[in-house]
Amino acid sequence: MTQKRSLRMRFGKLDLPEDDLPTPRELHNAISDTWTVRDQRQMVEGEPPVDLEEKGSNSVLIEQEYDHNFCNFIYTADKEDVSLLRKDDEVEIAPDNNPVRSFVFYFGNGQFAYESVEGLIDDWIPQFICDRTSINTADQYTLNEFSQSTMSDFFHKMDKITAFRFGSVEDSSQISSQIGRALDQLADEVGSQEFTGGQPPSDLSDLQIFNEAIDATSVKKIRGERDGSYTKTILQSGMYEVVWDDEGIGSQRERAVKVYTEILPYLNILS
């Protein structure tokens with residue numbers, strides 16, 4: 001029986017000279033499953049600030065085997081919004097038994113990719129990488145978005161499109177078709193528009209309107225499938241959903257390699 005797994009991955013890169021980039025081995029050696037203070041927050045007036053902690057664990061180092069050397073690990077952190085608990089007339093910090101957990105990659109060229117999960121602030125991952133490798137310029141990084149060319153390539157490579165969201169373009173003077181101008185005007189009035197193929201989902205790419213929209217609008221989201229495989233989603237904001245069959249994958253190292261092969265095309269596009 002197949003075991004479907006999925007991760008919603010985002011991408012970024014440290015904006016440092018090549019000689020200043022930490023290596024995957026340096027990060028791997030610095031990850032020790034030890035909690036450290038990420039930040040302090042004043043949760044209750046008149047009470048001492050509360051430590052918000054983070055750690056990396058289960059680090060896996062891959063070298064000389066693929067196009068990229070990389071370190072894969074699990075990032076765990078206290079959430080930004082810590083719950084409060086009233087006990088008699090006192091207010092106490094409620095323990096959070098569900099911290100943020102994210103599946104993270106760091107690559108030798110300074111790129112990183114991480115699982116986007118609820119409660120995770122995007123800055124935390126690059127800051128953690130910099131902190132662990134003693135880089136003092138933790139704010140020098142870029143979080144990537146996908147270009148319209150990448151969105152268009154995804155659309156045309158899929159055999160079946162089941163969801164499509166678009167918005168208006170900044171310069172509509174280049175839109176030549178009547179359908180394209182109408183779609184752009186619609187998106188400009190409503191902000192964005194999403195269409196789905198229903199249940200069971202029909203193929204939106206069979207309709208002329210979406211073949212016009214891919215070139216005439218600012219495409220925000222596409223969901224589709226190829227070769228009868230799992231349905232995958234890409235967002236222009238920078239998220240790509242990795243979906244795979246986890247049957248027979250017994251270790252984090254094997255899972256890291258599987259996810260790496262799935263995101264490799266986008267690492268190459270964004271590098």
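The structure holds zero disulfides. A disulfide is a covalent bond between the sulfur atoms of two cysteines. Cysteines are present all the same. Cys 71 is buried, with a relative accessible area of 0%. Cys 130 is buried too, and its relative accessible area is also 0%. Both count as buried because the cut-off is under 20% relative accessible area. Keep in mind that this is a predicted model.

Now take the chain as a whole. It has six helices and 14 strands. Its length is 271 residues, and buried residues make up 45% of them. The accessible surface comes to about 14,400 Å². Carbon and sulfur atoms own 41% of that surface. Consider next the contacts in the chain with a separation of 6 or more: residues 24 or more positions apart account for 68% of them.

Strand β7 is a good place to enter the fold. This strand covers residues 100-107 and is mostly covered. Seven of its eight residues are buried. Which strands pair with it? One is β4, residues 70-77, joined to β7 by eight bridges. These two strands run antiparallel. Within this pairing, Ile 74 has Phe 103 of β7 as its bridge partner. The other is β8, residues 111-115, joined to β7 by three bridges. This pair is antiparallel as well. Here Phe 105 meets its bridge partner, Ala 113 in β8. β7 and β8 form a hairpin, with three residues between them. Gly 110 sits in the turn and has a positive phi of about 95 degrees.

Aromatic rings mark the β4 and β7 region. The structure holds 18 aromatic pairs. One of them joins Phe 70 and Phe 105 in an edge-to-face arrangement. Their ring centres are 5.4 Å apart, and the planes make an angle of 65 degrees. The pair links distant parts of the chain: Phe 70 belongs to β4, Phe 105 to β7, and 35 residues separate them in sequence. Both Phe 70 and Phe 105 are buried. They also belong to one aromatic cluster, together with Tyr 66, Phe 103, Phe 107 and Tyr 260.

Ala 113 of β8 leads on to Arg 10, since the two residues are in contact. Arg 10 is found in strand β1, residues 4-14. Is this arginine buried or exposed? Its relative accessibility is 13%, so Arg 10 counts as buried. What do its polar atoms meet? The side chain of Arg 10 makes a polar contact of 3.1 Å with the side chain of Asp 122. A polar atom of the Arg 10 side chain also lies 2.8 Å from the backbone oxygen of Ser 237. Beyond its sequence neighbours within four places, Arg 10 touches further residues, among them Phe 112, Tyr 114, Leu 143, Asn 144 and Met 239.

Helix α2 comes next, at residues 124-132. Seven of its nine residues are buried, so the helix is largely enclosed by the rest of the structure. The buried residues are Trp 124, Ile 125, Pro 126, Phe 128, Ile 129, Cys 130 and Arg 132. Cys 130 is thus one of the residues listed for α2. Just after the helix, Ser 134 takes a positive phi of about 60 degrees.

The last stop is Met 158. Where does this residue lie? Met 158 is in the loop between α3, residues 148-157, and β10, residues 160-167. With 15% relative accessibility, Met 158 counts as buried. Leaving out residues up to four places away in sequence, Met 158 touches Gly 224, Glu 225 and Arg 226. Met 158 and Asp 227 are 69 residues apart in sequence, yet 8.2 Å apart in space, C-alpha to C-alpha.

The strands around this loop fill in the picture. β10 pairs with β12, residues 218-225, in the antiparallel sense over seven bridges. Lys 160 has Glu 225 of β12 as its bridge partner. β12 is joined in turn to β13, residues 232-235, by four bridges, and these strands run antiparallel. In that pairing, Gly 224 has Lys 232 of β13 as its bridge partner. The hairpin of β12 and β13 has six residues between the strands. Asp 227 in this hairpin takes a positive phi near 55 degrees.

Technical notes: Residues are numbered from 1 along each chain as its sequence is written. This is a predicted model: local features need pLDDT of at least 70, side-chain atom pairs count only at pLDDT 80 or more; totals for chains, interfaces and linings use all residues. Side-chain values use heavy atoms; hydrogens and water are left out. Buried means under 20% relative accessible area, exposed over 50%, partly exposed in between (1.4 Å probe, protein chains only). Contact means heavy atoms within 4.5 Å. A polar contact is a pair of N or O atoms within 3.5 Å; within protein, one must be able to donate a hydrogen and the other to accept it, and residues adjacent in sequence count only if both atoms are side-chain atoms. Two strands pair if DSSP finds at least two bridges between them. A disulfide is a pair of cysteine sulfur atoms within 2.5 Å. Accessible areas come from the Shrake-Rupley method with a 1.4 Å probe; for residues, only the protein chains shown count as cover. Rings of Phe, Tyr and Trp (its six-membered ring) pair if their centres lie within 6.5 Å; planes under 30 degrees apart count as stacked, over 60 as edge-to-face and the rest as tilted.
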